[in-house]
Amino acid sequence: MSVVEQQARGAETSSLALRAALDAPPGHWFFGHLPDMKRDLLGFFSMCERDFGPVVPLRLYAVPFYLVNDPALIQAVLFADPSKFVKPTAFKAVKPMFGDGLLTSEGSFWRKQRALIQPFFHKQCIDRYADVVVRSTAALMEQWSLAESQDAYEDLSNVTLDIVSRTLFSGSDIGEGRAAVLGAARGVQDFFLRWRRHYMPVIPWLPFPAQLQLRRAVREVDRVIYKLIDARRASGERGNDMMSLLLDAADAEGQTMSSRAVRDELVTMFLAGHETSAVAMSWGLYELVSSPRVTAKLRSEMAAVLSDRDPAVEDLPRLPYLDQVVKEVMRLYPSAYNIGRVATETCKVGDTTVRRGANVIMCQWAVHRSRRHYDDPDAFVPERWDTERARKMPKFAYFPFSGGPRNCIGAQFALLEAKLILGTLIRHFDIELEPGERPTVDAALTLRPSLGMRVRVRRRFSS
Ligand code: HEM
């Protein structure tokens with residue numbers, strides 16, 4: 001070891017010893033940990049996970065919050081009674097967009113809505129939508145056959161938007177709705193990005209630019225969605241889609257949902273269900289493009305099982321490597337990369353007292369890339385999921401879709417979509433990044449690639 005290396009190692013050891021004596025990294029006297037979070041949110045949470053304890057007390061200005069790193073404690077928070085840990089304040093700020101949809105509602109209303117919507121995500125229903133996934137992927141392949149240079153992130157966002165629109169409103173022409181929904185998604189992302197600059201409390205009626213943009217996006221979305229709801233109510237027609245399920249749903253007293261409640265659930269599904277999946281698949285393509293070994297192994301599994309067909313939903317149980325690839329993508333790129341909750345009463349999380357009203361954060365990015373749970377954690381190695389270590393891993397060392405009563409209702413749908421789309425694209429195309437393209441992760445509301453992802457695509461065979 002060179003002298004420089006010895007000195008560096010010595011400095012590192014003493015800094016670790018110093019950190020071990022603290023329970024959290026020192027924050028700025030006034031801003032707390034805001035500057036660290038603004039500089040590099042993911043890097044900061046990863047450092048806290050690596051160098052500090054199971055629960056790290058942090059602060060924004062004088063307001064304390066807690067980063068929970070230990071999988072058993074994450075599980076305890078996520079499985080606690082949902083009235084003890086409610087959705088974070090930031091969600092209230094985007095309430096004008098999501099209303100009382102599943103993602104943002106609480107209490108008995110949320111429980112009733114969740115029970116009502118759950119059947120739509122049962123396996124038989126999801127499998128029926130595989131057809132929609134296949135058709136939307138075919139349209140993308142046609143587009144990719146016409147030109148070599150493409151933005152994979154933009155294209156996959158369009159595909160997932162297409163899929164989610166057809167599953168929510170099959171048969172209705174959402175036409176101009178596409179632009180409104182994309183504007184809404186952008187409005188919500190931008191709102192979060194601006195809010196994250198200062199993490200100040202949000203006063204919804206103040207005319208800050210981000211709030212004005214959000215309100216404009218809400219007006220656009222409302223115009224489109226209410227028009228679709230009114231047309232469907234007027235025609236009395238019902239289809240095999242979520243709008244029909246919501247319009248016909250009645251509670252125990254026979255009360256049906258108001259147009260406002262139907263709108264809130266549809267907008268929530270639209271926004272929760274398209275960007276997250278597009279982000280995951282974009283990073284999936286990126287890893288496949290960067291790893292010819294994994295791509296070749298995946299192609300040979302598909303060739304052995306499917307011969308010359310594309311994967312269909314019935315084939316998925318016979319494609320274990322495809323399953324591992326998607327699992328590994330969701331480990332390295334959990335699109336919704338952290339989960340927040342607010343404690344409604346003072347409680348203990350492990351040995352730490354969390355005061356009533358304090359935020360608790362669980363960061364999938366930090367836990368999924370931790371050496372405590374994974375060998376060579378930043379490497380893309382799908383085979384790791386077929387090892388003893390993976391089988392013995394604590395359950396919540398991997399939680400891309402959260403867990404407990406408020407887990408992702410669309411998880412199985414998202415996995416099906418990712419497997420069918422990535423499998424099909426890799427079968428048909430040789431894909432490489434455009435020269436000089438270095439996509440970077442932008443921790444906005446989701447882990448989107450900051451400047452898109454430009455790729456070159458070439459058809460491998462002509463069918
Ligand atoms: C790769 C794709 C996806 C990822 C990584 C993801 C992740 C998540 C996570 C982590 C949560 C929990 C948030 C929290 O507790 O604060 C969540 C909730 C939710 N997700 Fe997903 N999601 C994905 C796809 C989808 C899809 C396709 C849909 C619908 C079509 C969807 C609909 C929802 C809804 C409605 C909730 C709220 C559930 C509730 O609170 O009852 N998600 N998602």
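These legends describe three close-up views of a predicted model. Residues are numbered from 1 along each chain as its sequence is written. Because the model is predicted, local features need pLDDT of at least 70 and side-chain atom pairs count only at pLDDT 80 or more, while totals for chains, interfaces and linings use all residues.

**View 1. The bent helix α2 (residues 34-51).** Helices are DSSP runs of H or I with at least four residues, strands are runs of E with at least two, and both are numbered from the N terminus. A straight helix of 18 residues would span 26 Å, taking 1.5 Å times one less than the number of residues, but α2 spans only 19 Å between its end C-alpha atoms. At D40 this helix bends by about 120°, the angle between axes fitted to the seven residues ending there and the seven starting there. Among the buried residues of α2 are F44, F45 and C48, where buried means that 20 or more other C-beta atoms, placed from the backbone, lie within 10 Å of a residue's own.

**View 2. Y66 in the largest nonpolar core.** This core, a set of buried Ala, Val, Leu, Ile, Met, Phe, Trp, Tyr and Cys residues joined through C-beta atoms within 7 Å, has 115 residues, and Y66 and V68 have the most contacts inside it. Helix α12 (residues 259-290) gives the largest share, 16 residues.

**View 3. The shell around the ligand.** Of the 24 residues here, G273, T276, C408, G410 and A414 come nearest, with nearness requiring a C-beta atom, placed from the backbone, within 6 Å. The largest share of the shell, seven residues, comes from α12.

Terms used
A residue is buried if 20 or more other C-beta atoms lie within 10 Å of its own, exposed if 12 or fewer, and partly exposed in between; C-beta atoms are placed from the backbone.
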